[in-house]
Number of protein chains: 2
Amino acid sequence: MLNNQPEADLDLVFQALSDRTRRAIVVRLCGGPASVSELAGPFAMSLPAIVQHLQVLENSGLVSSEKIGRVRTCSIVPATVRLAEGWLGARRTHGERRLDRLQAFLAAEPDSEPQSHEPPPSIPPRSTP
Amino acid sequence: MLNNQPEADLDLVFQALSDRTRRAIVVRLCGGPASVSELAGPFAMSLPAIVQHLQVLENSGLVSSEKIGRVRTCSIVPATVRLAEGWLGARRTHGERRLDRLQAFLAAEPDSEPQSHEPPPSIPPRSTP
DNA sequence: CGAATACTTAAGTATGTGCTTAACAATCAA
DNA sequence: TTGATTGTTAAGCACATACTTAAGTATTCG
């Protein structure tokens with residue numbers, strides 16, 4: 001699916017990934033497309049339960065599927081995996097940039113003259129509706 | 001927290017990230033530590049609601065906090081961000097390796113002699129408890 | 001055709017999630 | 001000490017999730 005509405009998309013993607021059965025399905029699909037029953041095979045739960053997990057995955061945009069004859073074949077959507085990974089990457093990058101600056105700040109500490117040393121905490125607040 | 005039990009950890013981490021308020025808090029904390037009320041500031045919801053979100057984040061291992069005097073200061077735990085990012089990275093890597101092989105397969109297709117062309121779908125099943 | 005296969009739909013249930021308000025600490029400052 | 005600040009705890013409510021079983025619907029095969 002993917003609404004192109006980043007926050008809503010990330011809601012759905014991370015939510016989809018928060019269940020280990022669904023993560024296992026994603027892992028399986030990264031090895032190539034599979035039918036619903038192939039996907040259900042390894043699990044102890046009922047087929048409808050798996051189908052519901054697949055709906056969550058498809059709704060999140062992590063998985064797509066096509067039905068041919070009586071078999072539905074599911075595949076991953078790598079772009080969606082990248083979307084989530086990208087969000088986390090940005091966090092890590094920003095966080096680590098900040099950490100680097102903080103370490104530099106602490107390293108150059110022995111009471112040198114106060115240059116543009118931004119003090120570590122207290123950053124301007126963000127707006128969120 | 002982090003149980004060192006990868007699947008359970010990922011459950012908690014992805015679940016924590018599946019809420020946009022919590023993601024906004026993570027974004028904010030990537031800019032540096034903050035107190036509970038600083039974190040609550042931008043949001044329209046009650047303080048206890050934010051505290052509950054912080055509990056989810058802390059329980060997932062994405063955030064740690066320490067109380068000094070009457071103010072609790074929260075920070076991100078970059079290692080946990082990396083844990084989730086790493087899982088997704090592994091998916092992308094495997095998935096794209098597979099896609100590469102598939103593309104190679106399709107590229108070398110004009111009915112050449114059947115070498116060790118593994119047919120694209122149908123991969124050996126995985127075991128999952 | 002008739003039966004097996006591969007899902008699909010519907011309905012129900014137990015538990016979890018995301019809030020709320022109200023009341024209660026604990027700490028700091030005048 | 002009094003009162004403001006900063007957070008915590010508890011209870012409750014509406015809605016979402018993760019299943020279940022039972023009963024369908026297409027499709028393909030013999």
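## Where DNA strand D meets the protein

Helix 4 of chain A makes the largest contribution to the surface near DNA strand D, giving four residues. Here "near" is a plain cut-off: a residue counts if one of its heavy atoms lies within 4 Å of the molecule or strand. Helices and strands are DSSP runs numbered from the N terminus, with H or I and at least four residues for a helix, and E and at least two for a strand. Before going on, keep in mind that this is a predicted model, where local features need pLDDT of at least 70 and side-chain atom pairs count only at pLDDT 80 or more, while totals for chains, interfaces and linings use all residues. As for bookkeeping, residues are numbered from 1 along each chain as its sequence is written, chains are lettered from A and ligands numbered from 1 in the order in which they are written, and side-chain values use heavy atoms, with hydrogens and water left out.

Back to the DNA. There are 20 residues around DNA strand D, and the ones that come nearest are A:Ser46, A:Gln52, B:Ser37, B:Arg70 and B:Arg72. Of the strand D atoms that come within 4 Å of the protein, 68% are sugar and phosphate. Both chains join in: helix 4 of chain A, plus helix 3 (36-40), helix 4 and strand 3 (71-76) of chain B, each supply at least two residues of this surface. Sorted by class, the surface has seven nonpolar, seven polar and six charged residues. For that sorting, Ala, Val, Leu, Ile, Met, Phe, Trp, Tyr, Cys and Pro are nonpolar, Asp, Glu, Lys and Arg are charged, and the others, Gly among them, are polar.

## Polar contacts with strand D

A polar contact is a pair of N or O atoms within 3.5 Å; within protein, one must be able to donate a hydrogen and the other to accept it, and residues adjacent in sequence count only if both atoms are side-chain atoms. Which parts of DNA strand D do A:Gln52 and A:Arg70 reach? A:Gln52 has a polar side-chain atom 3.0 Å from a base nitrogen, and A:Arg70 has one 3.1 Å from a base oxygen. With B:Val36, a polar backbone atom sits 3.4 Å from a phosphate oxygen of DNA strand D.

## Now for DNA strand C

DNA strand C also has 20 residues around it, with A:Ser37, A:Arg70, A:Arg72, B:Ser46 and B:His53 coming nearest. Among its atoms within 4 Å of the protein, 68% belong to sugar or phosphate, and the rest belong to bases.

Three side chains of chain B point us to the phosphates. B:Ser46 puts a polar side-chain atom 2.6 Å from a phosphate oxygen of strand C, B:His53 does so at 2.6 Å, and B:Arg22 at 2.9 Å. The elements giving two or more residues to this surface are helix 3 (36-40), helix 4 (47-60) and strand 3 (71-76) of chain A, along with helix 4 (47-60) of chain B. Helix 4 of chain B gives the most, with four residues.

## The sheet in chain A

Chain A has an open sheet of three strands in the order 1-3-2, paired antiparallel. Strand 1 (34-35) and strand 2 stand at its edges with a single partner strand each, so one side of each has no neighbour in the sheet. Two strands count as paired if DSSP finds at least two bridges between them.

Strand 2 (residues 63-68) and strand 3 of chain A run antiparallel and are joined by six bridges, with A:Glu66 opposite A:Thr73. Their hairpin has two residues between the strands, and A:Gly69 there takes a positive phi near 65 degrees. Strand 1 and strand 3 of chain A are joined by two bridges, and A:Ala34 stands opposite A:Cys74.

## How helix 2 packs in chain A

Helix 2 and helix 4 of chain A pack at about 75 degrees, with axes 10 Å apart. Axes are lines fitted to C-alpha atoms, for helices over the stretch in contact, and angles run from 0 to 180 degrees between N-to-C directions. That makes the two helices of chain A roughly perpendicular, a label that covers 65 to 115 degrees. On the helix 2 side, the contact (heavy atoms within 4.5 Å) is made by A:Thr21, A:Arg22, A:Ile25 and A:Val26.

Conventions. Angles under 35 degrees count as roughly parallel, over 145 as roughly antiparallel, 65 to 115 as roughly perpendicular and the rest as oblique.
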